[in-house]
Amino acid sequence: MKKSKLLWHRVCNETGYVCSVFPPLMYLEGKADFEQSMPAGYKPVHMICNTEALAALLDAFPGHVVLRNSSVTETPLMAHAVFGRLENVKLLLERGADPTMLDYKGGSAYDYAKRGYNSKTSEAIMAVIREAEENWCKTCTTCKARVKVSRCGRCHRAAYCSKDCQVADWNAKHKKLCPAYQEIEDKPQINPAAC
């Protein structure tokens, strides 16, 4: 069984919502496409509720941590924040989601958490995102030291305190994330055709 088909099977078994929205026929035909938009422009990475299934998807597609919704330009971090999925928010931040990114209206992940649908988790999510925002510009991506940092010369998002930390992060995960970071816009424009 192909890698994408195995992952598709795992995601569908662990989250009924994704399974019910995506045509099951795609799986049966072996055409699982994790970049295909669901209704309203969302991608699977935006809608997976189960943290283990989200981790499996990000293991297979690390760049999806910053994959935007095609119509309203939400990042996965914004979507999980508004739906109150605290563990998914933590996972996305751990995997390299940029908490400072904005949607087309200038809204951040913090703003999404603030108007979240789950009042039981919104305060905790706002605290996690606020801490991540504060640390984003001042903390080494690799060792988490709060020191003077230099940014990656390609994507300008990852921060490092030393060449050793940069090399370690490049080999561990940044090699796959850097191209995804380079493709995203800091403040994108809405695509009316995608709505």
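Cys178 counts as buried, at 0% relative accessibility, in what is a predicted model. Cys178 takes part in no disulfide, although the sulfur of Cys152, the nearest one belonging to a cysteine, is 3.8 Å away. Cys165 is likewise in no disulfide, and there the nearest cysteine sulfur is that of Cys140, 3.8 Å away. Cys165 is also counted as buried, with a relative accessibility of 11%. Since a disulfide requires two cysteine sulfur atoms within 2.5 Å, the count for the structure comes to 0 disulfides.

**The chain as a whole**

The chain holds 10 helices and 2 strands, and read from the N terminus its elements follow the order α-α-α-α-α-α-α-α-α-β-β-α. It has 195 residues, of which 47% count as buried. The area that the chain exposes is about 10000 Å², with carbon and sulfur atoms supplying 53% of it. If one considers the contacts between residues at least 6 apart in sequence, 59% of them join residues at least 24 apart.

**Helix 7 and its cover**

Helix 7 spans residues 86–94, and within it Leu86, Asn88, Val89, Leu91, Leu92 and Leu93 are buried. The cover over these buried residues includes helix 5 (51–60), helix 6 (76–82) and helix 9. After helix 7 comes Gly96, whose phi is positive, near 110°.

Two further residues of helix 7, Lys90 and Glu87, are 3 residues apart, about one turn of the helix, and they form a salt bridge whose closest N and O atoms are 3.7 Å apart. Lys90 is partly exposed, at 36% relative accessibility, and Glu87 is partly exposed as well, with a relative accessible area of 46%.

**Salt bridges**

Side chains of opposite charge can pair when their charged atoms come close. The structure holds 4 salt bridges, and the table sets out pairs among them, with the N to O distance and the location of the partners.

| Pair | N to O distance | Location |
|---|---|---|
| Lys90 and Glu87 | 3.7 Å | both in helix 7 |
| Asp98 and Arg157 | 2.3 Å | loop between helix 7 and helix 8; loop between strand 1 and strand 2 |
| Glu133 and Arg130 | 2.4 Å | both in helix 9 |

In the salt bridge between the side chains of Asp98 and Arg157, the N to O distance is 2.3 Å. This pair links distant parts of the chain, 59 residues apart: Asp98 lies in the loop between helix 7 and helix 8 (109–114), while Arg157 lies in the loop between strand 1 (150–151) and strand 2 (159–160). Both of these partners, Asp98 and Arg157, are buried.

In helix 9, Glu133 and Arg130 are separated by about one helical turn, because they are 3 residues apart, and the closest N and O atoms of their salt bridge are 2.4 Å apart. The two partners fall into separate accessibility classes, as Glu133 is buried, with a relative accessible area of 17%, whereas Arg130, with a relative accessible area of 34%, is partly exposed.

**Met126 in helix 9**

Helix 9, which covers residues 122–136, is also the place of Met126. Is Met126 buried or exposed? Met126 has a relative accessible area of 10%, and therefore counts as buried. Leaving out residues up to four places away in sequence, Met126 touches Tyr110, Ala113 and Lys114. From Met126 to Ala81 the C-alpha to C-alpha distance is 8.1 Å, although 45 residues separate the two in sequence.

**Thr75 between helix 5 and helix 6**

The loop between helix 5 and helix 6 contains Thr75, and these two helices are among those that cover the buried residues of helix 7. Which residues is Thr75 in contact with, leaving aside its neighbours within four places in sequence? They are His46, Leu67, Arg68 and Met101. Thr75 has a relative accessibility of 4% and so counts as buried.

Terms used. Residues are numbered from 1 along each chain as its sequence is written. This is a predicted model: local features need pLDDT of at least 70, side-chain atom pairs count only at pLDDT 80 or more; totals for chains, interfaces and linings use all residues. Side-chain values use heavy atoms; hydrogens and water are left out. Helices (H or I, at least four residues) and strands (E, at least two) are DSSP runs, numbered from the N terminus. Buried means under 20% relative accessible area, exposed over 50%, partly exposed in between (1.4 Å probe, protein chains only). Contact means heavy atoms within 4.5 Å. Accessible areas come from the Shrake-Rupley method with a 1.4 Å probe; for residues, only the protein chains shown count as cover.
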